[in-house]
Amino acid sequence: CANTLRPDVAYAFSRIGQHSSHPTASALEALTRAVSYLFQHKDLCLNQKLFMDDKDLTDKGPDFKFFAQQNANLDEIFTFYSDTDHAGNAEPQNRRRSQNGFAAFTCDALVAWHSKVSSVAFATPLIGVAHADFSSGALEIYGTSNATCALLNLNYAYEETGMCFPKPFHLLMDNTTAEAFCRDTVKRTKLKHIYCRQEWVKTLRDRSVMIPSHMDTIENVADIFTEILDSRQFTYLRDKMMKRFPRSKVATSVSK
């Protein structure tokens, strides 16, 4: 469910899944609460408009590809978010790894997302597992790069189906250090270990691939994939991704 239908439990799934090799009573309790939450909110679903808003296509028909190519207005169709939590999980099995989250929307519908701990060894490759970096800004850079890779994979899927994808795409983030790195305006001495050990993040500099855009943390949908939020903020971000299906129809479907 977390990977296909219910993005609102993706972060919980990531946290609980880390206990798979050594299950604990608290992990079972967390799993029980997650299943209970799904049952109580079974009317939530992903949704998308059946039709796009009316556009002037000079009488050439409501063709999506034509509109995208002729008007170059894909930023109105696609929205991408990225966020990272710096060593916020103190559980022993997590080893203070950062949590990466990203979300991709097409026509206001969530089409791709992930919530996972970083799998890249940070400050030095001599340590065999991923570990926390000293800098929260550095972790945001890693998370942004991971989101970029995920979106490039999404781009391949769109190309295979003959649909358009924005190039470069705007990636919304709330960390100024990551933005500065992407724009190549940050002092390199502050992030020396990135330059020496993580050459692949330099793909962020390719302006034909991705352009960083700033947004407030409160509006960053990817925040729901990286940390435990208070109920008000969680509900606000969740409702930006999902809509409620009429309970009467849910009951009918379950009975059938």
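Which residues are buried in α1? In this predicted model, the buried residues of helix α1 are A10, Y11, S14, R15 and I16. They pack against α2, β3 and β4, and these elements recur in the description of the sheet and the pocket below.

The chain as a whole contains 8 helices and 7 strands. Of its 256 residues, 46% are buried. When contacts between residues at least 6 apart in sequence are considered, 67% of them join residues at least 24 apart.

Five of the strands are organised in an open sheet, in the order β4-β3-β2-β5-β6 and with mixed pairing. The edges of the sheet are formed by β4, residues 109-117, and β6, residues 210-214, each of which pairs on one side only. On average, and with direction ignored, neighbouring strands are turned by 20° against each other.

Strand β3, residues 99-106, pairs with β4 in the antiparallel sense through 8 bridges. Within this pairing, N100 has K116 of β4 as its bridge partner, and F102 stands opposite H114 in β4. The two strands form a hairpin with 2 residues between them, in which C107 adopts a positive phi near 55°.

Helices pack on this sheet. Helix α1, residues 10-17, touches β3 and β4, and its direction makes about 25° with that of β4. Helix α4, residues 136-160, packs on the sheet with contacts to β2 (78-85), β3, β4, β5 (169-173) and β6. The direction of α4 makes about 150° with that of β2.

Strand β2 is joined to β3 by 8 bridges, and the two run antiparallel. To β5, in contrast, β2 is joined by 2 bridges, and here the strands run parallel. Residue F80 takes part on both sides: F80 stands opposite A104 in β3 and opposite L171 in β5.

Strands β2 and β3 are both mostly covered. In β2, 7 of the 8 residues are buried, while in β3 the count is 8 of 8. In a regular strand, side chains alternate between the two faces of the sheet. For β3, both faces are covered. Q99, G101, A103 and F105 are buried on one side, and N100, F102, A104 and T106 are buried on the other. Two of these residues also appear in the pairings described above: F102 stands opposite H114 in β4, and A104 stands opposite F80.

Empty space around the atoms was also examined. Rolling a probe the size of a water molecule over the atoms shows where such space is left. The largest pocket holds about 800 Å³ of space. Its lining comprises 26 residues, and those nearest the centre of the pocket are A12, A30, R33, A34 and I228. By class, the lining consists of 12 nonpolar, 7 polar and 7 charged residues.

Helices α1, α2 (25-40) and α7 (231-241) each supply at least two residues of this lining. The most is given by α2, with 9 residues. Helix α1 thus has a part in several of the features described: α1 packs on the sheet, its buried residues pack against α2, β3 and β4, and α1 supplies at least two residues of the lining of the largest pocket.

Notes. Residues are numbered from 1 along each chain as its sequence is written. This is a predicted model: local features need pLDDT of at least 70, side-chain atom pairs count only at pLDDT 80 or more; totals for chains, interfaces and linings use all residues. Side-chain values use heavy atoms; hydrogens and water are left out. Two strands pair if DSSP finds at least two bridges between them. Helices (H or I, at least four residues) and strands (E, at least two) are DSSP runs, numbered from the N terminus. Axes are lines fitted to C-alpha atoms, for helices over the stretch in contact, and angles run from 0 to 180 degrees between N-to-C directions. Contact means heavy atoms within 4.5 Å. On a 1 Å grid over the protein atoms alone, a cavity is a set of points where a 1.4 Å probe fits but cannot get out, and a pocket is an open set with protein on both sides within 12 Å along at least five of seven lines; lining residues have an atom within 4 Å of a point. Grid points are joined across faces, edges and corners, and a volume is the space filled by probe spheres set on the points. Ala, Val, Leu, Ile, Met, Phe, Trp, Tyr, Cys and Pro count as nonpolar, Asp, Glu, Lys and Arg as charged, and the others, Gly among them, as polar. Buried means under 20% relative accessible area, exposed over 50%, partly exposed in between (1.4 Å probe, protein chains only).
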